[in-house]
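Below is a walk through a structure with two chains, written for someone meeting it for the first time. Please keep the sequence and the model in view while reading.

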Amino acid sequence: MANAAEYSIDHTFNARRDLVWRAWTDPVLLARWYGPGVETTIHRFDLKVGGAWHNEMKWGDKSDYSTMTFQEVLEPEKLVWHHCSTDSDWKVVSNPMMPDWPRTLLTTVTFGAAGNQTNVRLTQLPVDASDAEIACFTNMMAGMSKGWGSGFVIIGDILQELTA
Amino acid sequence: MELTDYTTTPPDLNAVFAALADPTRRAILSRLTIGEASVNDLAAPFAISQPAVSKHIKVLERAGLVTRDIDRQRRPARLDATNMEAALNWLADFRAFWSKSFDQLDDFLDDLQTKDSDHG
(Lines give C-alpha, C1' and ligand atoms only; values in the text may rest on other atoms or scores of the structure.)
Protein backbone atom coordinates (compact mmCIF):
# COMPACT_ATOMS: atom_id res chain seq x y z
CA MET A 1 0.00 0.00 0.00
CA ALA A 2 2.79 2.37 0.90
CA ASN A 3 4.20 2.24 -2.62
CA ALA A 4 0.85 3.02 -4.20
CA ALA A 5 0.96 6.41 -2.48
CA GLU A 6 4.42 7.30 -3.69
CA TYR A 7 5.10 9.93 -6.30
CA SER A 8 8.41 9.59 -8.12
CA ILE A 9 10.23 11.28 -10.96
CA ASP A 10 13.57 10.45 -12.58
CA HIS A 11 15.74 12.84 -14.52
CA THR A 12 19.25 12.70 -15.97
CA PHE A 13 21.18 15.96 -15.85
CA ASN A 14 24.06 16.67 -18.22
CA ALA A 15 26.43 17.75 -15.47
CA ARG A 16 28.80 16.18 -12.97
CA ARG A 17 27.33 15.13 -9.66
CA ASP A 18 29.20 17.70 -7.55
CA LEU A 19 27.74 20.49 -9.68
CA VAL A 20 24.21 19.08 -9.50
CA TRP A 21 24.58 18.73 -5.72
CA ARG A 22 25.67 22.37 -5.53
CA ALA A 23 22.64 23.47 -7.54
CA TRP A 24 20.41 21.73 -4.96
CA THR A 25 22.18 22.80 -1.80
CA ASP A 26 23.41 26.35 -2.41
CA PRO A 27 20.32 28.47 -1.65
CA VAL A 28 21.37 31.15 -4.16
CA LEU A 29 21.55 28.56 -6.93
CA LEU A 30 18.52 26.61 -5.72
CA ALA A 31 16.28 29.69 -5.83
CA ARG A 32 17.18 30.13 -9.49
CA TRP A 33 15.42 26.95 -10.64
CA TYR A 34 13.15 25.67 -7.86
CA GLY A 35 9.48 26.24 -8.72
CA PRO A 36 7.98 26.26 -12.20
CA GLY A 37 7.83 29.75 -13.71
CA VAL A 38 7.63 31.48 -10.34
CA GLU A 39 9.90 33.81 -8.41
CA THR A 40 11.42 31.82 -5.57
CA THR A 41 12.85 33.42 -2.43
CA ILE A 42 14.66 31.28 0.11
CA HIS A 43 14.33 32.99 3.49
CA ARG A 44 16.29 30.43 5.46
CA PHE A 45 18.43 27.50 4.48
CA ASP A 46 20.10 25.48 7.19
CA LEU A 47 21.58 22.42 5.49
CA LYS A 48 21.91 19.94 8.33
CA VAL A 49 19.74 17.24 9.88
CA GLY A 50 16.90 19.06 11.68
CA GLY A 51 17.69 22.31 9.83
CA ALA A 52 14.96 24.24 7.98
CA TRP A 53 14.51 25.58 4.46
CA HIS A 54 11.90 28.36 4.36
CA ASN A 55 10.68 28.77 0.83
CA GLU A 56 8.44 31.41 -0.75
CA MET A 57 7.19 31.15 -4.31
CA LYS A 58 5.68 34.32 -5.76
CA TRP A 59 3.52 34.59 -8.84
CA GLY A 60 1.64 37.79 -9.51
CA ASP A 61 0.61 39.20 -6.13
CA LYS A 62 0.29 35.77 -4.49
CA SER A 63 2.76 33.75 -2.50
CA ASP A 64 3.01 30.08 -1.62
CA TYR A 65 4.97 29.31 1.53
CA SER A 66 6.48 26.00 2.54
CA THR A 67 8.99 24.71 5.05
CA MET A 68 11.32 21.83 4.38
CA THR A 69 13.02 20.18 7.36
CA PHE A 70 16.10 18.17 6.49
CA GLN A 71 16.07 14.56 7.66
CA GLU A 72 19.24 13.37 5.93
CA VAL A 73 22.10 15.25 4.29
CA LEU A 74 24.59 12.90 2.68
CA GLU A 75 26.82 14.87 0.33
CA PRO A 76 26.89 14.32 -2.62
CA GLU A 77 24.43 11.46 -2.99
CA LYS A 78 21.29 11.89 -0.91
CA LEU A 79 19.01 14.59 0.48
CA VAL A 80 15.87 13.86 2.51
CA TRP A 81 13.40 16.42 3.83
CA HIS A 82 9.88 16.76 5.19
CA HIS A 83 7.85 19.14 3.05
CA CYS A 84 5.00 21.08 4.70
CA SER A 85 2.75 23.87 3.43
CA THR A 86 2.88 26.82 5.79
CA ASP A 87 1.49 30.31 6.28
CA SER A 88 3.70 33.38 5.95
CA ASP A 89 4.88 32.86 9.57
CA TRP A 90 6.12 29.37 8.60
CA LYS A 91 3.41 27.70 10.66
CA VAL A 92 2.24 24.41 9.17
CA VAL A 93 -1.25 24.67 7.65
CA SER A 94 -3.47 22.29 5.77
CA ASN A 95 -4.01 23.01 2.12
CA PRO A 96 -6.88 25.47 1.61
CA MET A 97 -7.76 23.88 -1.72
CA MET A 98 -7.68 20.28 -0.51
CA PRO A 99 -8.23 19.69 3.19
CA ASP A 100 -7.18 16.05 2.80
CA TRP A 101 -3.89 16.80 1.04
CA PRO A 102 -1.13 15.28 3.24
CA ARG A 103 0.35 17.78 5.70
CA THR A 104 3.81 16.32 5.47
CA LEU A 105 5.49 14.77 2.46
CA LEU A 106 8.72 12.83 2.91
CA THR A 107 10.85 13.91 -0.04
CA THR A 108 13.90 11.85 -0.94
CA VAL A 109 16.36 12.94 -3.62
CA THR A 110 19.19 10.65 -4.70
CA PHE A 111 22.04 11.72 -6.95
CA GLY A 112 23.72 8.93 -8.94
CA ALA A 113 26.98 9.71 -10.72
CA ALA A 114 27.21 8.45 -14.31
CA GLY A 115 30.35 9.92 -15.84
CA ASN A 116 29.59 13.51 -16.82
CA GLN A 117 25.93 12.95 -16.14
CA THR A 118 23.90 12.67 -12.95
CA ASN A 119 20.83 10.53 -12.46
CA VAL A 120 18.44 12.14 -10.02
CA ARG A 121 15.46 10.33 -8.56
CA LEU A 122 12.95 12.20 -6.43
CA THR A 123 10.17 10.52 -4.46
CA GLN A 124 7.41 11.96 -2.27
CA LEU A 125 5.43 9.99 0.26
CA PRO A 126 2.89 11.14 2.89
CA VAL A 127 4.22 11.02 6.49
CA ASP A 128 2.09 10.08 9.52
CA ALA A 129 -0.88 10.54 7.25
CA SER A 130 -4.51 9.83 8.11
CA ASP A 131 -6.36 7.31 5.93
CA ALA A 132 -8.08 10.23 4.22
CA GLU A 133 -4.75 11.90 3.45
CA ILE A 134 -3.28 8.68 2.05
CA ALA A 135 -6.42 8.08 -0.03
CA CYS A 136 -6.27 11.63 -1.36
CA PHE A 137 -2.59 11.40 -2.30
CA THR A 138 -2.95 7.89 -3.74
CA ASN A 139 -5.84 8.95 -5.95
CA MET A 140 -3.84 11.86 -7.19
CA MET A 141 -0.53 10.13 -7.79
CA ALA A 142 -0.79 6.44 -8.51
CA GLY A 143 -4.42 6.22 -9.52
CA MET A 144 -4.10 8.78 -12.26
CA SER A 145 -2.10 6.56 -14.56
CA LYS A 146 -4.28 3.52 -13.86
CA GLY A 147 -7.99 3.64 -13.11
CA TRP A 148 -8.07 7.38 -13.41
CA GLY A 149 -6.46 7.44 -16.85
CA SER A 150 -9.59 6.90 -18.91
CA GLY A 151 -11.54 9.34 -16.75
CA PHE A 152 -9.00 12.06 -17.22
CA VAL A 153 -8.95 11.53 -20.95
CA ILE A 154 -12.70 12.15 -20.95
CA ILE A 155 -12.31 15.24 -18.80
CA GLY A 156 -9.64 16.53 -21.14
CA ASP A 157 -12.02 16.06 -24.07
CA ILE A 158 -14.79 17.78 -22.16
CA LEU A 159 -12.65 20.80 -21.39
CA GLN A 160 -11.44 21.02 -24.96
CA GLU A 161 -14.99 21.06 -26.24
CA LEU A 162 -16.02 23.67 -23.73
CA THR A 163 -13.14 25.98 -24.48
CA ALA A 164 -13.27 25.47 -28.26
CA MET B 1 2.47 23.75 -4.91
CA GLU B 2 -0.87 25.38 -5.43
CA LEU B 3 0.20 27.74 -8.17
CA THR B 4 -3.17 28.13 -9.81
CA ASP B 5 -4.62 31.56 -9.24
CA TYR B 6 -8.11 31.35 -7.74
CA THR B 7 -9.71 34.69 -7.15
CA THR B 8 -13.01 33.30 -5.86
CA THR B 9 -13.64 30.83 -3.04
CA PRO B 10 -11.58 27.73 -3.72
CA PRO B 11 -13.77 24.83 -4.81
CA ASP B 12 -13.89 21.76 -2.61
CA LEU B 13 -11.59 19.59 -4.66
CA ASN B 14 -12.17 16.62 -2.38
CA ALA B 15 -15.79 16.62 -3.56
CA VAL B 16 -14.73 17.04 -7.16
CA PHE B 17 -12.32 14.11 -7.08
CA ALA B 18 -14.77 11.90 -5.17
CA ALA B 19 -17.39 12.68 -7.82
CA LEU B 20 -15.01 11.92 -10.67
CA ALA B 21 -13.85 8.64 -9.13
CA ASP B 22 -17.03 6.83 -10.32
CA PRO B 23 -17.15 5.51 -13.91
CA THR B 24 -20.93 6.02 -14.23
CA ARG B 25 -20.60 9.66 -13.19
CA ARG B 26 -17.76 10.17 -15.66
CA ALA B 27 -19.94 8.64 -18.38
CA ILE B 28 -22.76 11.02 -17.42
CA LEU B 29 -20.38 13.96 -17.69
CA SER B 30 -19.20 12.67 -21.03
CA ARG B 31 -22.80 12.48 -22.28
CA LEU B 32 -23.43 16.04 -21.09
CA THR B 33 -20.65 17.39 -23.28
CA ILE B 34 -22.96 17.05 -26.28
CA GLY B 35 -25.69 19.06 -24.54
CA GLU B 36 -28.09 19.18 -21.60
CA ALA B 37 -30.12 16.09 -20.78
CA SER B 38 -32.93 15.03 -18.47
CA VAL B 39 -32.65 12.16 -15.97
CA ASN B 40 -34.66 10.08 -18.44
CA ASP B 41 -32.22 10.74 -21.26
CA LEU B 42 -29.27 10.03 -19.01
CA ALA B 43 -30.66 6.78 -17.57
CA ALA B 44 -31.27 5.28 -21.02
CA PRO B 45 -27.72 4.11 -21.84
CA PHE B 46 -27.05 2.76 -18.32
CA ALA B 47 -28.28 -0.47 -16.80
CA ILE B 48 -29.42 1.44 -13.73
CA SER B 49 -32.68 3.00 -12.55
CA GLN B 50 -33.67 6.64 -12.82
CA PRO B 51 -33.40 7.14 -9.04
CA ALA B 52 -29.84 5.81 -9.19
CA VAL B 53 -29.00 8.25 -11.99
CA SER B 54 -30.64 11.03 -9.95
CA LYS B 55 -28.31 10.20 -7.05
CA HIS B 56 -25.28 10.36 -9.31
CA ILE B 57 -26.44 13.73 -10.65
CA LYS B 58 -26.85 15.02 -7.10
CA VAL B 59 -23.26 14.03 -6.31
CA LEU B 60 -22.11 15.85 -9.45
CA GLU B 61 -24.22 18.88 -8.49
CA ARG B 62 -22.74 19.03 -4.99
CA ALA B 63 -19.25 18.90 -6.48
CA GLY B 64 -20.22 21.83 -8.70
CA LEU B 65 -19.67 19.90 -11.91
CA VAL B 66 -23.28 19.95 -13.06
CA THR B 67 -26.09 22.50 -12.75
CA ARG B 68 -29.81 21.89 -13.15
CA ASP B 69 -32.67 24.14 -14.12
CA ILE B 70 -35.03 24.58 -11.22
CA ASP B 71 -37.86 26.16 -13.23
CA ARG B 72 -38.15 23.93 -16.21
CA GLN B 73 -40.30 20.85 -15.92
CA ARG B 74 -37.75 18.22 -16.96
CA ARG B 75 -34.99 19.81 -14.93
CA PRO B 76 -32.30 19.03 -17.48
CA ALA B 77 -28.72 18.71 -16.21
CA ARG B 78 -25.88 20.53 -17.86
CA LEU B 79 -22.14 20.65 -17.47
CA ASP B 80 -20.43 23.31 -15.39
CA ALA B 81 -16.72 23.11 -16.15
CA THR B 82 -15.40 25.63 -13.61
CA ASN B 83 -14.64 23.20 -10.80
CA MET B 84 -13.43 20.53 -13.18
CA GLU B 85 -10.92 22.94 -14.55
CA ALA B 86 -9.80 23.81 -11.01
CA ALA B 87 -9.28 20.11 -10.26
CA LEU B 88 -7.33 19.55 -13.44
CA ASN B 89 -5.20 22.63 -12.89
CA TRP B 90 -4.41 21.45 -9.40
CA LEU B 91 -3.24 18.05 -10.63
CA ALA B 92 -1.34 19.53 -13.52
CA ASP B 93 0.42 21.93 -11.13
CA PHE B 94 1.49 19.19 -8.77
CA ARG B 95 2.64 16.84 -11.48
CA ALA B 96 4.33 19.60 -13.45
CA PHE B 97 6.14 21.06 -10.45
CA TRP B 98 9.20 18.86 -10.54
CA SER B 99 9.37 18.26 -14.28
CA LYS B 100 9.22 22.01 -14.98
CA SER B 101 11.69 22.74 -12.20
CA PHE B 102 14.02 20.08 -13.58
CA ASP B 103 13.83 21.68 -17.03
CA GLN B 104 14.84 24.97 -15.44
CA LEU B 105 17.68 23.22 -13.64
CA ASP B 106 18.84 21.72 -16.97
CA ASP B 107 19.21 25.22 -18.43
CA PHE B 108 20.79 26.53 -15.27
CA LEU B 109 23.39 23.74 -15.16
CA ASP B 110 24.30 24.57 -18.76
CA ASP B 111 25.01 28.14 -17.65
CA LEU B 112 27.00 27.03 -14.61
CA GLN B 113 29.17 24.69 -16.68
CA THR B 114 29.81 27.36 -19.28
CA LYS B 115 30.94 29.73 -16.53
CA ASP B 116 33.09 27.00 -14.96
CA SER B 117 34.94 26.44 -18.22
CA ASP B 118 35.27 30.23 -18.82
CA HIS B 119 37.08 30.61 -15.52
CA GLY B 120 39.44 27.75 -16.24
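Chain B of this predicted model has five helices and two strands. Read from the N terminus, its elements follow the order α-α-α-α-β-β-α. The chain has 120 residues, and 28% of them are buried. When contacts in chain B between residues at least 6 apart in sequence are considered, 58% join residues at least 24 apart.

Helix α4 of chain B covers residues 50-62, which is 13 residues. From first C-alpha to last, α4(B) reaches 18 Å, close to the 18 Å expected at 1.5 Å a residue. Its buried residues are Val53(B), His56(B), Ile57(B) and Leu60(B). Viewed down the helix axis, the buried residues of α4(B) fall within an arc of 100°, so they line one face of the helix. What do these residues pack against? The buried residues of α4(B) pack against three helices of chain B, α1 (13-20), α2 (23-32) and α3 (39-43), and also against the strands β1 and β2. Just after α4(B) comes Gly64(B), with a positive phi of about 75°.

The largest nonpolar core has 20 residues, and those touching the most other members are Val16(B), Leu60(B), Leu65(B) and Val66(B). At least two residues of this core come from each of α1, α2, α4, β2 and α5 (82-118) of chain B. Helix α1(B) gives the largest share, five residues. Leu60(B) therefore appears both among the buried residues of α4(B), on the face described by the arc of 100°, and among the core residues with the most contacts to other members.

Val66(B) can be followed further. Leaving aside residues up to four places away in sequence, Val66(B) touches Leu32(B), Ile57(B), Leu60(B), Glu61(B), Ala77(B), Arg78(B), Leu79(B) and Asp80(B). Apart from the largest core lies another, of 12 residues, which include Phe13(A), Val20(A), Phe111(A) and Leu105(B).

The next subject is chain A. Its secondary structure consists of four helices and seven strands, arranged from the N terminus as β-α-α-β-β-β-β-β-β-α-α. Chain A has 164 residues, of which 27% count as buried. Among its contacts between residues at least 6 apart in sequence, 38% join residues at least 24 apart.

How are the seven strands ordered in the sheet of chain A? They form an open sheet in the order β1-β7-β6-β5-β4-β3-β2, with antiparallel pairing. Strands β1 (7-13) and β2 (39-45) of chain A stand at the edges with a single partner strand each, so one side of each has no neighbour in the sheet. From one strand to the next, the twist averages 20°. Within the sheet, β3 (residues 52-59) of chain A pairs with β4(A) over eight bridges, in the antiparallel sense. One residue in this region, Ala52(A), has Thr69(A) of β4(A) as its bridge partner. Helix α1 of chain A, residues 17-25, packs on the sheet and touches β1, β5, β6 and β7 (117-126) of that chain. The direction of α1(A) makes about 155° with that of β6(A).

Strand β4 of chain A also contains Asp64(A). Is Asp64(A) partly exposed or buried? Asp64(A) counts as partly exposed because it has 17 C-beta neighbours inside 10 Å, and 20 or more would be needed for a buried residue. Asp64(A) is 26 residues from Val38(A) in sequence, and their C-alpha atoms are 10.0 Å apart in space.

Some backbone details remain. Most residues other than glycine have a negative phi, and most peptide bonds are trans. The bond joining Glu75(A) and Pro76(A) is cis, with omega about 0°. Pro76(A) lies in the loop between β4 (62-74) and β5 (78-86) of chain A. Trp90(A) has a positive phi, near 65°, and is placed in the loop between β5 and β6 (104-114) of chain A. Because it has 16 C-beta neighbours inside 10 Å, Trp90(A) counts as partly exposed. In chain B, Arg75(B) also has a positive phi, near 45°, and is found in the loop between β1 (66-68) and β2 (77-79). With 14 C-beta neighbours inside 10 Å, Arg75(B) counts as partly exposed.

How values were computed:
Residues are numbered from 1 along each chain as its sequence is written. Chains are lettered from A and ligands numbered from 1 in the order in which they are written. This is a predicted model: local features need pLDDT of at least 70, side-chain atom pairs count only at pLDDT 80 or more; totals for chains, interfaces and linings use all residues. Two residues are in contact if their C-beta atoms, placed from the backbone, lie within 7 Å. The expected span of a helix is 1.5 Å times one less than its number of residues. The arc is that of the directions from the helix axis to the C-beta atoms. Two strands pair if DSSP finds at least two bridges between them. Axes are lines fitted to C-alpha atoms, for helices over the stretch in contact, and angles run from 0 to 180 degrees between N-to-C directions. A nonpolar core is a set of buried Ala, Val, Leu, Ile, Met, Phe, Trp, Tyr and Cys residues joined through C-beta atoms within 7 Å.
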